[in-house]
Protein chains: 4
Amino acid sequence: MLSFENDYIAGAHPEILKRLAETNLEPLSGYGTDPYCASAREKIRAACQTKDADVYFLVGGTQTNSVVISSMLRSYDGVLCADTGHINTHEAGAIEYTGHKVLPLPQKQGKISPNDLERYLSDFYGDENHEHMVFPGMVYISHPTEYGTLYTKDELTSLSELCRAYHIPLYMDGARLGYGLAGSGTDVSLGDIARLCDVFYIGGTKVGALCGEAVVFPKGNAPAHFLTIAKQHGALLAKGRLLGIQFDVLFTDDLYLQISKNAIQAAETLKSIIKEKGYPFYLESPTNQQFILLENSRLEKLKKEVAFSFWDKADENHTIVRFATSWSTTSDDLKKLREIL
Amino acid sequence: MLSFENDYIAGAHPEILKRLAETNLEPLSGYGTDPYCASAREKIRAACQTKDADVYFLVGGTQTNSVVISSMLRSYDGVLCADTGHINTHEAGAIEYTGHKVLPLPQKQGKISPNDLERYLSDFYGDENHEHMVFPGMVYISHPTEYGTLYTKDELTSLSELCRAYHIPLYMDGARLGYGLAGSGTDVSLGDIARLCDVFYIGGTKVGALCGEAVVFPKGNAPAHFLTIAKQHGALLAKGRLLGIQFDVLFTDDLYLQISKNAIQAAETLKSIIKEKGYPFYLESPTNQQFILLENSRLEKLKKEVAFSFWDKADENHTIVRFATSWSTTSDDLKKLREIL
Amino acid sequence: MLSFENDYIAGAHPEILKRLAETNLEPLSGYGTDPYCASAREKIRAACQTKDADVYFLVGGTQTNSVVISSMLRSYDGVLCADTGHINTHEAGAIEYTGHKVLPLPQKQGKISPNDLERYLSDFYGDENHEHMVFPGMVYISHPTEYGTLYTKDELTSLSELCRAYHIPLYMDGARLGYGLAGSGTDVSLGDIARLCDVFYIGGTKVGALCGEAVVFPKGNAPAHFLTIAKQHGALLAKGRLLGIQFDVLFTDDLYLQISKNAIQAAETLKSIIKEKGYPFYLESPTNQQFILLENSRLEKLKKEVAFSFWDKADENHTIVRFATSWSTTSDDLKKLREIL
Amino acid sequence: MLSFENDYIAGAHPEILKRLAETNLEPLSGYGTDPYCASAREKIRAACQTKDADVYFLVGGTQTNSVVISSMLRSYDGVLCADTGHINTHEAGAIEYTGHKVLPLPQKQGKISPNDLERYLSDFYGDENHEHMVFPGMVYISHPTEYGTLYTKDELTSLSELCRAYHIPLYMDGARLGYGLAGSGTDVSLGDIARLCDVFYIGGTKVGALCGEAVVFPKGNAPAHFLTIAKQHGALLAKGRLLGIQFDVLFTDDLYLQISKNAIQAAETLKSIIKEKGYPFYLESPTNQQFILLENSRLEKLKKEVAFSFWDKADENHTIVRFATSWSTTSDDLKKLREIL
C-alpha cells in the first residue's frame with residue numbers, strides 16, 4: 001500500500017547496501033575502531049567545518065538522547081525542552097530512567113522561545129529555595145521539531161547565548177537533521193549548528209540509513225570515557241562498521257544533503273496537492289512532515305488506500321493527521337496520492 | 001592481516017545482505033511489527049519446539065542482558081552468575097546501571113555448579129538477616145561460556161530444577177549459542193534450552209548477522225509491556241525489519257546451525273594445528289574459542305602476522321591468548337595460520 | 001524572632017521527649033522490630049479502622065514519597081500528580097532519580113479534578129502509540145495540598161473509583177494529614193482515607209514529631225519485602241524505636257488530632273487578624289497554611305519582625321507570602337503577630 | 001534481657017536528650033541551617049584539625065554510604081572495597097541502586113591490603129580492554145571494619161598514597177569511628193584520618209546518638225550542591241536541629257571519645273571474661289566487637305539468657321557469634337554476663 005506514514009518505512013539508500021556488500025568480508029576491528037568509522041568521522045568534521053569535533057556513532061534516536069543527555073548532566077540536573085519534545089512524550093520515559101527529570105517549557109509549533117527560556121532560568125536562580133529543586137542542566141531542542149518546524153539562525157543564536165551565559169549545554173536532536181538543512185527557506189547550516197550547539201546528532205535512521213545516528217561534540221568536548229558510558233547503556237555496537245560505512249557513504253559527495261532535498265521537494269509537491277484538493281492544513285511546515293485537518297468520515301475512507309499517521313483529535317468531527325515524505329519518496333508515490341486524494 | 005581475533009570481524013552472511021537488498025524499498029511498519037519479524041518469530045518458535053514462545057529482537061548482547069535482566073528482577077533482586085560472567089566483567093556495569101547487583105558465584109572454566117548454586121540459595125534463605133541483603137532473583141549462565149565451554153544436559157537440568165524450586169528464572173546468554181549447539185560432543189539442543197530455561201537469547205552478532213539478538217521467552221512468559229521496557233532502555237529499533245530479515249534468513253533452511261558448524265570444524269582444525277605445532281593449551285574447548293599459553297617473546301613475533309586476543313597473564317614469561325574461529329573462517333585462513341605458526 | 005515560616009520550626013511535642021527519655025536505656029531490637037513500633041502500628045490500625053493494614057515508619061517526606069512510589073510502580077510507569085505537587089516541584093527530582101517520570105496534571109488551588117484525571121487516562125489508552133509512552137501507574141495527591149486546600153469526600157471517592165477502574169493505586173501524601181483531618185469544615189476522616197486510598201502516609205515531621213512518617217497500606221497490600229526496599233533506599237532507621245515511640249505517643253489519647261486542632265484554631269485566629277488588618281488573601285485555606293498578597297515595600301518591613309515564607313511573585317509590586325501555624329503555635333505568638341501587622 | 005547484640009540497642013546519651021529538651025521550642029530554620037548545626041560543624045572541624053572541612057549531617061549509615069559514594073563517582077565508576085565490606089554485603093544493594101558496581105577486593109579480617117589494591121589498579125589500567133569495564137572510581141574502607149579490626153597509620157598512609165597516585169578518593173565508613181579512635185593500641189587519630197582520607201563519616205547512630213552521621217570532606221571538597229544531592233536521595237532531614245544538636249553535644253568536652261572509651265574498656269573486660277571462661281575466640285579485636293566460637297548446643301542454652309549476634313557457621317558443630325559492647329554498656333551488664341557464661 002502507498003505509504004506516507006513516516007520517514008523510516010524504507011530500508012537504506014541503495015549506495016549504502018552496495019558498500020556494505022563490497023566490504024562485507026573484510027576483517028575489521030570492533031566498537032567503532034575500524035577505518036570506515038574513522039573516514040566517516042573525518043567527513044562529518046569537514047561537513048561541520050570543525051576539525052576538532054568528537055564524533056560517535058550510536059544506533060537509534062531514543063538511545064542517543066538517553067546516552068548523550070545522561071552523560072552531560074550532573075545527578076541533580078534535569079533537561080529543559082518543549083513540552084512537545086520527543087524526550088518528554090514518546091520515549092517511554094527513557095530520560096527519567098537514567099535518573100533525570102525532563103523540565104517542560106511552553107512551545108509554539110514545537111519550538112521554545114528564548115524569552116521563555118530566559119524567564120525559566122532567571123526565575124530558577126532567583127528562587128531562594130532552588131537548592132530543593134531540579135537544576136536546569138541542559139537545553140534540548142529538536143530541529144526540525146516534532147511538528148516539522150525549524151529554528152531560525154537568530155533564534156538559535158539567542159538560545160545558544162543564553163545557554164552559554166548560564167553555563168549549560170545546548171543539545172540539538174537532529175533525528176531529521178537532513179530535512180532541516182534542506183528545508184524551504186532555512187538560513188541554518190551545519191556549520192551554524194556546530195558553532196551554536198554544544199552537542200547535536202545527525203540522524204541516519206530517518207535519512208537514508210538502516211539505523212544509526214552520529215553524535216557530534218563540535219569542540220572536542222565529549223564527556224570523558226564516552227565509549228564506556230555508551231557501553232554501560234547497552235548502546236555500543238560490536239560491529240561498528242555497520243554505522244561507520246553508512247555514514248561514510250552518506251557523507252560522500254554530499255549524499256546526505258542530496259537525498260534530504262528529495263524529501264523536501266516531495267513535501268513541496270505534497271503541499272501543492274493538498275492545497276489543490278482543498279484540505280486545510282493544521283500546520284504547513286518547511287520540512288518533510290505536513291499536518292492536515294481531516295473530517296473523520298474522510299479519514300476512515302482514506303486510510304484504506306494510503307498509510308499516514310494519526311496525530312491528535314482536533315474536535316468532535318476532525319482529526320489532525322500527518323503525511324511524511326522522505327529520501328525514498330518517488331514522484332510515482334506522489335502521483336498516486338494525488339489520484340487518491 | 002589474517003585475523004582470529006574474535007567472532008565478529010566480518011560483516012554478515014551474504015544471504016542476509018542479499019535479502020536486505022531484495023526487500024529494501026518495500027514500505028514496512030516499524031518497531032518489529034513488519035511481516036519479516038513475524039516470519040522470523042515463527043521460524044524461531046519452530047526451531048525451539050515451542051509454539052507459545054514470545055520472541056523479541058534486540059540489537060546487541062550487552063543491551064539484551066541489560067533489558068532482559070532488569071525487566072525480570074524486582075527492585076531488591078540481584079542476578080547470580082559465574083564471577084567470570086560477561087555481565088560481571090566486560091559490560092561496563094550495565095546491569096548495575098539498571099540498579100541491580102551482580103552476585104558472583106565461583107566458577108570452573110566459566111561454568112557454575114549446581115552445588116555452589118544450591119549452597120548460595122540455601123545459605124541466603126537460612127540467614128536471618130537476609131532482608132538486609134540483595135535477594136537472588138535470577139540465575140545467569142552463558143552457553144557457550146566466556147571460556148568456550150558448554151553445560152551438559154544434566155547440568156542444565158539441575159540448574160533448572162534448582163531455579164524452579166526457588167522460583168527464580170534461569171537465563172541463558174546465548175551470544176554464541178550457535179557455536180554451542182554445534183559444539184563437539186554436546187548433548188544440548190535448542191529444544192532442551194527452551195524447555196529448561198525461562199528466558200534465553202539466540203545470538204546473531206557473533207553468528208552471521210550484522211547485529212541482532214533474538215530473545216526467547218519459551219512459555220510466552222515475557223514481562224508485560226516488554227516493548228515499552230525496551231524503548232525505555234533505548235533498545236527498540238525503528239527499522240525492526242533490519243533484525244527481522246536477518247533472523248528470518250538465519251532460521252531458513254537451518255542456516256544458523258549450518259554456519260555454526262563451519263566455525264566448529266574450523267576450530268577442530270585449529271586445535272590440531274596447535275597440537276601439531278606443540279603449543280600448550282590453557283583450555284581446549286568444544287566450541288569456537290581456543291585458549292593457548294604463549295611465551296611472551298613468541299607472542300610479540302606472532303602478533304605481527306596474525307590478530308588474536310590477549311586474555312590474561314599466566315606468569316612472568318607466559319600469556320594466555322585466545323584464537324576464535326567463526327561462521328566466516330575459511331580453510332584458506334587456517335592454511336595461512338598453519339604456515340605462520 | 002517570631003516565626004510563622006513553616007510547620008517544622010519547633011522540636012517535638014513535649015510528651016514525645018518525655019517518653020524518649022523514659023525508655024532511653026531499654027535495650028531494644030532494631031529496624032522497627034521493637035515493641036513500641038508494634039504498639040504504634042496497632043494504634044494506627046485502630047485509628048484507621050482497618051485491622052489488616054501494613055504500617056511502616058520512615059524518616060521524612062521526600063524519602064517516603066521516593067520509597068513508596070518506586071516500590072509500587074513497574075519500571076515503565078510514571079506517577080500522575082498536580083503540576084504543583086510536591087514531588088513535581090520541591091523534591092530535587094527524587095522520583096525521577098528512582099527512574100520514574102512525574103506526569104503533571106492541571107490543578108486548581110493544588111487539587112486535581114476527577115474529570116482531568118479521567119480524560120488523561122482515557123486519552124492514554126485510546127492512543128494507539130501508547131506503548132511508546134510512559135504508562136500512568138499511580139495517582140499522587142496531597143491532602144492538605146501544597147496550597148492548604150482539602151479534597152471533599154465526594155472528590156476523593158471519584159478519584160478512588162477512577163483509580164480502581166484503571167487498576168492503578170491512589171496514593172495520598174499526608175505530610176500535613178493532621179491539619180487536614182482537623183481542617184475547617186472537612187468531611188474526610190482517617191477511616192475514609194484508609195477506605196479510599198491504596199496507600200497513604202500520616203505525617204509526623206510537620207505534626208509534632210522530631211521526624212517520622214507512618215506509611216499505611218490499608219488492605220495489607222504492602223509490596224513484598226518493603227523493608228528491604230526501604231533499606232536499599234537508605235531509608236531504614238537502625239534505631240526504629242525513635243519512630244515507634246513518637247507515633248506511639250501521637251496515637252495515644254488522640255494526641256495527633258488534638259495538637260492538629262491547635263494549628264487549625266490558630267489559623268482561624270490568623271485569618272481573622274489578616275482580615276481585620278485588611279491584607280488581601282491570595283488563597284484562604286481551611287488548614288494551617290494561609291497565602292497573602294503583600295506589597296513589596298510592606299514585605300520588606302515585615303520580614304524584619306516576623307518570619308514567613310516567600311511563595312511567588314504576583315506582579316511587579318506584590319508578592320504572595322505564606323504564613324503557617326502548627327501544633328506549637330501559641331496564643332502569645334498570635335498576639336504578637338497582631339501587634340506587628 | 002541482657003543484651004550484647006549490637007551497639008545500637010540503647011537510645012541516646014542522656015546529655016543529648018537533655019539538650020533536645022532544653023532547645024525544643026526554639027523556632028529554628030530547617031535543613032541544617034540552624035545555629036546548632038553550625039556550632040557542631042565548627043567543633044567537628046576543630047576535632048579534625050582542619051578549618052576548611054565541609055561537614056554535612058545525614059541520618060543513617062546505609063544512607064550516608066549511598067549519598068556520599070554516588071555523589072563522588074562518575075557514571076562509569078564503581079567503588080572498590082573488601083568483599084566483606086558493609087556496602088557489599090548488608091546494605092540491600094543500596095550502592096547498585098544508585099547505578100554503581102561494588103568492586104570487591106580480597107580481605108583479611110575485614111581489611112584490604114595496599115598490595116592488593118595496587119595490583120587491582122595497575123592490572124585495570126594495563127588491560128587494553130578496560131574501556132569495556134567498570135572503572136575503579138573510589139576506595140571504600142571501614143574503620144573499624146565489620147570484624148572490629150583497625151588499619152594502622154602506615155596502612156592508611158599507603159592506601160591514601162595509592163589513591164592519590166590514581167586520582168581516586170579514599171572514603172572511610174566510620175559507622176563505629178569512636179570505637180576505632182579509642183581502640184586498644186591504635187596509632188590513628190581523627191587528625192590523621194582527615195589528612196589521609198578524602199571523605200569520611202563520623203558515626204553517631206552506634207556511638208551515642210539516636211540517629212545521625214557526620215560526613216566530613218576535610219579539604220572543603222564536597223561535591224557541588226551536596227545538599228541537593230542529599231535531598232534527591234530523600235536524605236535531607238527537615239528538622240536538621242535533631243542532627244545538629246546531637247553532634248554539638250557529642251563534640252562538646254570530648255564526649256564522643258569519652259563514651260567510646262567506655263565501650264573499649266567494657267570490651268577489654270569482656271575479652272578477659274571470655275578467656276577466663278575458656279571460650280575460643282574466632283577473632284580478638286581491639287574495638288567493641290568480639291567474635292567467639294560457640295558449640296551449637298552451648299549457643300542454644302546461652303541465647304535464652306543473653307542476646308548476641310549470629311555471625312556465621314564455623315563447622316557442623318560450631319558457630320561464630322558476635323558480642324558487642326557500646327557507650328551504654330555498664331559494669332553491671334558485664335557482671336551479669338560473667339555469671340551467665
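The following exercises, each with a worked solution, concern the interfaces that chain A forms with chain B and with chain C in a predicted model.

**Exercise 1.** Determine how many residues of chain A are in contact with chain B, and how much area the two chains bury between them.

Solution. Begin with the contact count, in which 43 residues of chain A meet 43 residues of chain B. Then turn to area: chain A and chain B bury about 3,700 Å² between them, and 61% of this lies on carbon and sulfur atoms. On the side of chain A, the three residues A:Tyr97, A:Gln232 and A:Lys239 supply 20% of the area buried against chain B, which is more than any other three residues supply.

**Exercise 2.** Describe the polar character of the interface between chain A and chain B, and state which helices of chain A contribute to the side that touches chain B.

Solution. Counting first the residue pairs in polar contact, with both residues at pLDDT 80 or more, one obtains 22 between chain A and chain B, whereas the count of salt bridges between these chains is 0. Next, assign the residues to secondary structure: helix 1 (14-22), helix 3 (61-72), helix 5, helix 10 (226-232) and helix 11 (241-250) of chain A each supply at least two residues of the side that touches chain B. The largest share, 4 residues, comes from helix 1 of chain A. Finally, sorted by class, this side of chain A holds 24 nonpolar, 14 polar and 5 charged residues.

**Exercise 3.** Carry out the corresponding analysis for chain A and chain C, giving the contacts and the buried area.

Solution. Here 19 residues of chain A are in contact with 19 residues of chain C. The area that chain A and chain C bury between them is about 1,600 Å², with 52% of it on carbon and sulfur atoms. In chain A, the residues that lose the most area to chain C are A:His90, A:Glu96 and A:Lys101, which together account for 30% of what that side buries.

**Exercise 4.** Identify the salt bridges and polar contacts between chain A and chain C, and the elements of chain A that take part in this interface.

Solution. Across the interface of chain A and chain C there are 2 salt bridges. One of them joins A:Lys101 to C:Glu96, with the closest N and O atoms 2.6 Å apart, which is within the 4 Å limit used for a salt bridge. The polar contacts between chain A and chain C amount to 8 residue pairs, both residues being at pLDDT 80 or more. Helix 4 (86-89), helix 5 (94-97) and strand 12 (309-313) of chain A each supply at least two residues of the side that touches chain C. By class, that side of chain A comprises 6 nonpolar, 7 polar and 6 charged residues.

**Exercise 5.** Establish which rotations superpose chain A on chain B and on chain C, and whether the copies meet through the same surface.

Solution. Chain A is superposed on chain B by a rotation of 180° with 0.0 Å of shift along its axis, at an RMSD of 0.0 Å. These two copies are therefore related as by a two-fold rotation axis. Of the interface residues of chain A, 100% are also interface residues in chain B, so the copies meet through the same surface. For chain C, a rotation of 180° with 0.0 Å of shift along its axis likewise superposes chain A on chain C, with an RMSD of 0.0 Å. Again 100% of the interface residues of chain A are also interface residues in chain C, so these copies too meet through the same surface.

Note on methods
Residues numbered from 1 in each chain as written. Chains lettered and ligands numbered in written order. Predicted model: local features only at pLDDT ≥ 70, side-chain atom pairs only at ≥ 80, totals over all residues. Heavy atoms only, no water. Contact = heavy atoms within 4.5 Å. Buried area = accessible area lost by both parts, 1.4 Å probe. Salt bridge = Lys/Arg side-chain N within 4 Å of Asp/Glu carboxyl O. Polar contact = N/O pair within 3.5 Å; in protein donor to acceptor, adjacent residues only side chain to side chain. Nonpolar A, V, L, I, M, F, W, Y, C, P; charged D, E, K, R; others polar. Least-squares fit on C-alpha atoms with pLDDT ≥ 70 in both.
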